[in-house]
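User: I am new to this structure and would like to know how its labels are justified. Please set each value against its cut-off.

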Amino acid sequence: MTKLRKTPVALTPNAAPFAIRGERGSDVVAREALLDSAFGANRQTRTCQRLRDGRTPAEGLAFSAVRGGRLVGTVRLWHVSAGGVSALMLGPLAVGDTCRKLGVGAALMDHALAAAKARGHRAVILLGDAPYYARFGFSPAKTGAFELSEGALDGAWGMIVPTGAPCLLKIKASRSRKAPHAVPQAA
């Protein structure tokens, strides 16, 4: 079993404290802007996004980092099936430009993994930058996964498919490319 590790964080003298809390509905606009900034306008076309489309994050496993009243980081975990084995998928994890190198991303990861384990989840699958996530215990031995319980992915083989709850609202950008807004999704 891969152990949860507390990643050391060295704050710089000008670092302001930040807080991690559960994601709120009021975070949507700032979160979407942060994700666009971090991953580019084409982020919605990536394969990992197909696993999130039309789904909600796993309950209690979407977090925001806030500094000075502003959202500066986000991480979410999603229900998936990995070859018939229940797991979570990580992502996206993003931190605003002004808060990089302050430990926000590491704190979000530690918080999310601990919360997933506390909720009884057994494995988290990575579809991202493997070298960055190795320091949190993600291993290529199980195709970029992190087992919260030893042997959680033993025997898993095949496609990763979404299994989370359907989303009742869809985020849609307005024509003027202002901040996205929630609109009811057609049934």
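User: Is D53 buried, exposed or partly exposed, and what makes it so?

Analyst: This is a predicted model, and in it D53 has a relative accessible area of 34%. Buried requires under 20% and exposed over 50%, so D53 is partly exposed.

User: What makes D53 and R50 a salt bridge?

Analyst: Their side chains meet with N and O 2.5 Å apart. The cut-off is 4 Å, so the pair counts as a salt bridge. R50 has a relative accessibility of 41% and is partly exposed.

User: How do you know which label fits D97, the partner of R100 in a salt bridge?

Analyst: The relative accessibility of D97 is 54%. Exposed means over 50%, so D97 counts as exposed. R100, at 40%, counts as partly exposed. The closest N and O atoms of D97 and R100 are 2.7 Å apart, within the 4 Å limit.

User: What does the salt bridge between E32 and R43 tie together?

Analyst: The closest N and O atoms of E32 and R43 are 2.3 Å apart. E32 lies in helix α1 and R43 in the loop between α1 and α2, so the bridge joins parts that are eleven residues apart in sequence. E32 has a relative accessibility of 8%, and R43 has a relative accessible area of 8%. Buried means under 20%, so E32 and R43 are buried. A network of salt bridges links E32 and R43 with E23, R31, D36 and R76.

User: Why are the buried residues of α1 said to lie on the same side?

Analyst: The buried residues in α1 are V28, R31, E32, L34 and L35. They cover an arc of only 160 degrees around the axis, which puts them on the same side of α1.

User: Why is the pair of Y132 and Y133 called edge-to-face?

Analyst: The ring centres of Y132 and Y133 are 4.9 Å apart and the planes are at 85 degrees. A pair needs centres within 6.5 Å, and edge-to-face needs planes over 60 degrees apart, so Y132 and Y133 meet both conditions. Y133 also pairs edge-to-face with F138, at 5.9 Å and 75 degrees. Y132, Y133 and F138 belong to one aromatic cluster, together with F136 and F146.

User: What is the pLDDT over residues 173-187, and how should that stretch be read?

Analyst: The protein averages a pLDDT of 84, but over residues 173-187 the pLDDT is below 50. Where pLDDT is low, the predicted coordinates should not be read in detail.

Definitions and conventions:
Residues numbered from 1 in each chain as written. Predicted model: local features only at pLDDT ≥ 70, side-chain atom pairs only at ≥ 80, totals over all residues. Heavy atoms only, no water. Buried < 20%, exposed > 50% of the residue type's maximum accessible area, 1.4 Å probe, protein only. Helix = DSSP H or I, 4+ residues; strand = E, 2+ residues; numbered from the N terminus. Arc of directions from axis to C-beta. Phe/Tyr/Trp six-rings, centres within 6.5 Å; stacked < 30°, edge-to-face > 60°. pLDDT = per-residue confidence, 0-100. Contact = heavy atoms within 4.5 Å.
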